[in-house]
Amino acid sequence: MTVAAVETDSTTSGEPSLAAARRVLTIEADALSHLAAHLPPDLTGAVKKILSCKGRVIVSGIGKSGHIGRKIAATLASTGTPSYFVHCAEASHGDLGMITQDDVCLLISNSGETSELRDIVYHTQRFSIPMISITSNPDSTLARAADFRLTLPKLPEACPIGMAPTTSTTLTLALGDALAVALMEERGFVAEDFGVFHPGGKLGAQMRRVSELMHSGDTLPVLEHSATMQEVLLTMTSKGFGIAALIEHGKLSGVITDGDLRRNMDKLMQSTPLEIANPSPVTVTADMLAAEALALLNERKVTSLLVIDEAKRPVGVLHMHDFLRAGVV
């Protein structure tokens, strides 16, 4: 068989798979559009109840609903709404003790007749714990027991036999995201708050402040504006940041970089530092996000940034290597 024949056969055999993939995505996308146009009327009430909750949102479900529930609980917790997933089978064997009267329960079952949720439902009723249901059956046992009913539209599953949870789980996950984002906005949850809950990985690194990465104190390459060029060269060499900051009465008056030295090499030792310094250098503040400082560094094509306070006094310095070490890339 020739190479061309192999490529043709591979393309042909892949077409049914591509068609199936497109069909699934189209079905689920249409379902999401339908949900967006027909949001559950109780959604607003559920948001208000969670906002007034003194405890946590306890999420539970089993099977695919349980997997989706874990993700919803994680999204809520990371966006300012304390939340915890309780496995409904384990709840019947002691984990009901994790649910308090200060909590709100969010129970998920597409059919609304999941027997494993029974004990949690009874527990919420016994102790008057508010309960929110997510189900596609408004007349189900779960929906009738709920204080707030987040009813999903009854739409075809995307699987060809109409049995594997596909469309229904996508709708549940999306509704959980909608609930979390609505709560975020009501709480005024901002990027700084997000960073508190995401200290690890790249997200955590990007949410760090300049103050956490900068060098300060004796490491600063700072000299009085009256310093000699020899002193500037010695400072730049010993500090190792490739810049020297000139100050007058404690305030920044100019910055000299390695580039400035090269551009003035022919008259370097006959010039004063102020004559070759940039009087308007690029600077950042200590409370700026490290990711924003890195963007500025890349935009201006420099390797170091001087950190100043409100009075324009140098308080720190950042080098490209500091961003790399912190993972802010």
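These are my notebook entries on a few strands and a helix in this structure, which is a predicted model.

**Entry 1: helix 5.** I began with helix 5, residues 118–126, and looked up its buried residues: they are Ile120, Val121, His123 and Thr124. Why do they sit on the same side of helix 5? They cover an arc of only 160 degrees around the axis, and that puts them on the same side. I reminded myself that an α-helix has 3.6 residues a turn, so residues three or four places apart point the same way.

Next I asked what the buried residues of helix 5 pack against. I found strand 1 (57–60), helix 4 (88–91), strand 3 (104–108), strand 4 and helix 6 (141–145). After helix 5 comes Ser128, and I noted its positive phi, near 55 degrees.

**Entry 2: strands 4 and 5.** Strand 4 (residues 131–135) runs parallel to strand 5, and I noted four bridges joining them. Ile134 stands opposite Leu150 of strand 5. Which side chains of strand 5 (residues 148–151) are buried? Phe148 and Leu150 are; they point to one face, while Arg149 and Thr151 point to the other and are not buried.

**Entry 3: an open sheet.** Here I followed three strands, in the order 6-7-8, with mixed pairing. Strand 6 (222–224) and strand 8 (251–257) each have a single partner strand, so one side of each is left without a neighbour in the sheet. From one strand to the next, the twist averages 30 degrees.

Last, I checked how strand 6 meets strand 7 (residues 243–248): they run parallel and three bridges join them. Glu224 stands opposite Ile247 in strand 7.

Key: Residues are numbered from 1 along each chain as its sequence is written. This is a predicted model: local features need pLDDT of at least 70, side-chain atom pairs count only at pLDDT 80 or more; totals for chains, interfaces and linings use all residues. Side-chain values use heavy atoms; hydrogens and water are left out. Buried means under 20% relative accessible area, exposed over 50%, partly exposed in between (1.4 Å probe, protein chains only). Helices (H or I, at least four residues) and strands (E, at least two) are DSSP runs, numbered from the N terminus. Two strands pair if DSSP finds at least two bridges between them. Axes are lines fitted to C-alpha atoms, for helices over the stretch in contact, and angles run from 0 to 180 degrees between N-to-C directions. The arc is that of the directions from the helix axis to the C-beta atoms. Contact means heavy atoms within 4.5 Å.
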